[in-house]
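Take a walk through this protein, one feature at a time. Have the sequence and the model side by side as you read.

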Amino acid sequence: MKNHLTFLLVLFTSFIVNATTWDEPWQKEIIQKSDCFVYGSVIKVNDTVVTVNVVKSFGRVLTGQIKIDGFFMLELCSMSGGHGPELHFKEGDEGYFFLKKGDNGNYMIPTPSSGFDIIVDGSVHATYRHTYHQAAVDPKVYEMTYSQIWNYYHNKKVNDVEVKKFIEEYLSKPVAGFEEDELDLFFNQHVALETAYLLNIPVDFDTLKKFAESENYHSQISAMRCMGVQNTSEAKKYIITYIQQEDKSSFSKVMGIEGLIASGDKKYIKQLINIKDKVSDEETGFGGNIMDPRVCTSVPSPRMAIEMIAEG
């Protein structure tokens, strides 16, 4: 499997025809800006409205049937052919929805391709980082992690004991690849790293380094995202060293840079600015097909990521 290949890439072919594209938000922002997080089944679909029967809600209680008829984080980059963005569900779809209530009393998802994690063949096609990078996850693991992630970002009590056990168990194992017999472990390691990032859970430095130094492109990215929220000088020094290495991917470098910037540590931010010209200016991105409607989503080069703070 090529490094730039997404986990479970879904092409929304009707948007290809209409050349409607948008900038897809990151999952963290979707969680923060959603009002409701529910599990339900799609019972009715037409061109503009989807009816969902809510089976379970996390946080704010929703029951019975709700209607989804719009988008609350959609930033269009292009639209042609007279067709706007549409909802893409089918009757019988079951899964988890991140929703915001609209002024008309109905609900919205973030974009046509985000805000829902559908169950396929018994696994949740789950988003922990970005919809370009989904993982097939057991529903029990999904609910165990996401119930606490939701609580964390919505000022509710977090009980992360089980989550921490899960993270420790899967990150203690060798870094998985993309071979068929490794995929389940890879997906769970992805969930463990991204959950640690989202919940700001401390992870042993050598464990994170193991993933950051691995040959698995996606594990490098997750490890560096997680490294960025470790409030230790060891992790921050490592990021400074890591982003100057030619054999590391631009995407993972940017994740480390953004984490260091978010820390607000002026000492290391100054170091970032001082080494700006020593880091790669190679463009990076999510990969996928150029005709994917999410093609407007971008990731800066490592140098550009630093220049943005130097200029700001």
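The text below moves from a pocket to a covered helix, then to a buried threonine and the salt bridges.

Keep in mind that this is a predicted model. Start with the largest pocket. It holds about 660 Å³ of space. Its lining counts 27 residues. Look to the centre first: Tyr197, Met255, Glu258, Gly259 and Ala262 lie nearest to that point. The character of the lining is mixed, with 13 nonpolar, 8 polar and 6 charged residues.

Which helices supply the lining? At least two residues each come from H2 (27-33), H7 (217-227), H9 (250-263) and H11 (302-311). Helix H9 gives the largest share, with 7 residues.

Now turn to H7, one of the helices that line the pocket. Is this helix covered or open? It is mostly covered, as 11 of its 11 residues are buried. The run starts with Tyr217, His218, Ser219 and Gln220. Ile221, Ser222, Ala223 and Met224 are buried too. So are Arg225, Cys226 and Met227.

What do these buried residues pack against? Two of the partners are strands, E9 and E10 (133-137). The others are helices: H5 (183-198), H6 (205-212), H8 (233-242) and H9. H9 thus appears in both settings, since H9 packs against the buried residues of H7 and also supplies residues to the pocket lining. The N-terminal end of H7 has a cap, Asn216. A side-chain oxygen of Asn216 lies 3.0 Å from the backbone nitrogen of His218.

Strand E9 is the next stop. It spans residues 123-130 and holds Thr127. Why does Thr127 count as buried? Its relative accessibility is 1%, and the cut-off for buried is under 20%. The side chain of Thr127 makes a polar contact of 3.0 Å with the side chain of Gln134. Beyond its neighbours within four places in sequence, Thr127 touches Gln27, Asp117, Gln134 and Tyr146.

Charged pairs come next. Side chains of opposite charge can pair when their charged atoms come close. The whole structure has 12 salt bridges.

Take Glu143 and Lys56. Their closest N and O atoms are 2.9 Å apart. Glu143 sits in helix H3 (residues 139-153) and Lys56 in strand E3 (residues 50-58), so this salt bridge ties together parts that are 87 residues apart in sequence. Lys56 is partly exposed, at 35% relative accessibility.

Asp292 and Arg294 form another salt bridge, again with the closest N and O atoms 2.9 Å apart. Are these two residues buried or exposed? Asp292 is buried, with a relative accessible area of 0%. Arg294 is buried as well, at 2%.

Asp247 and Lys248 make a mixed pair. Their side chains meet in a salt bridge at 3.3 Å, N to O. Lys248 is buried, with a relative accessible area of 9%. Asp247 is exposed, at 61% relative accessibility.

Finally, follow a network. Salt bridges link Arg129, Glu194 and Arg225. Arg225 was met above, among the buried residues of H7. That helix also supplies residues to the lining of the largest pocket, which brings the tour back to its start.

Note on methods. Residues numbered from 1 in each chain as written. Predicted model: local features only at pLDDT ≥ 70, side-chain atom pairs only at ≥ 80, totals over all residues. Heavy atoms only, no water. 1 Å grid on protein atoms, 1.4 Å probe; cavity = no way out; pocket = protein on both sides within 12 Å on 5 of 7 lines; lining within 4 Å. Points joined across faces, edges and corners; volume = space filled by probe spheres on them. Helix = DSSP H or I, 4+ residues; strand = E, 2+ residues; numbered from the N terminus. Nonpolar A, V, L, I, M, F, W, Y, C, P; charged D, E, K, R; others polar. Salt bridge = Lys/Arg side-chain N within 4 Å of Asp/Glu carboxyl O. Buried < 20%, exposed > 50% of the residue type's maximum accessible area, 1.4 Å probe, protein only. Polar contact = N/O pair within 3.5 Å; in protein donor to acceptor, adjacent residues only side chain to side chain. Contact = heavy atoms within 4.5 Å.
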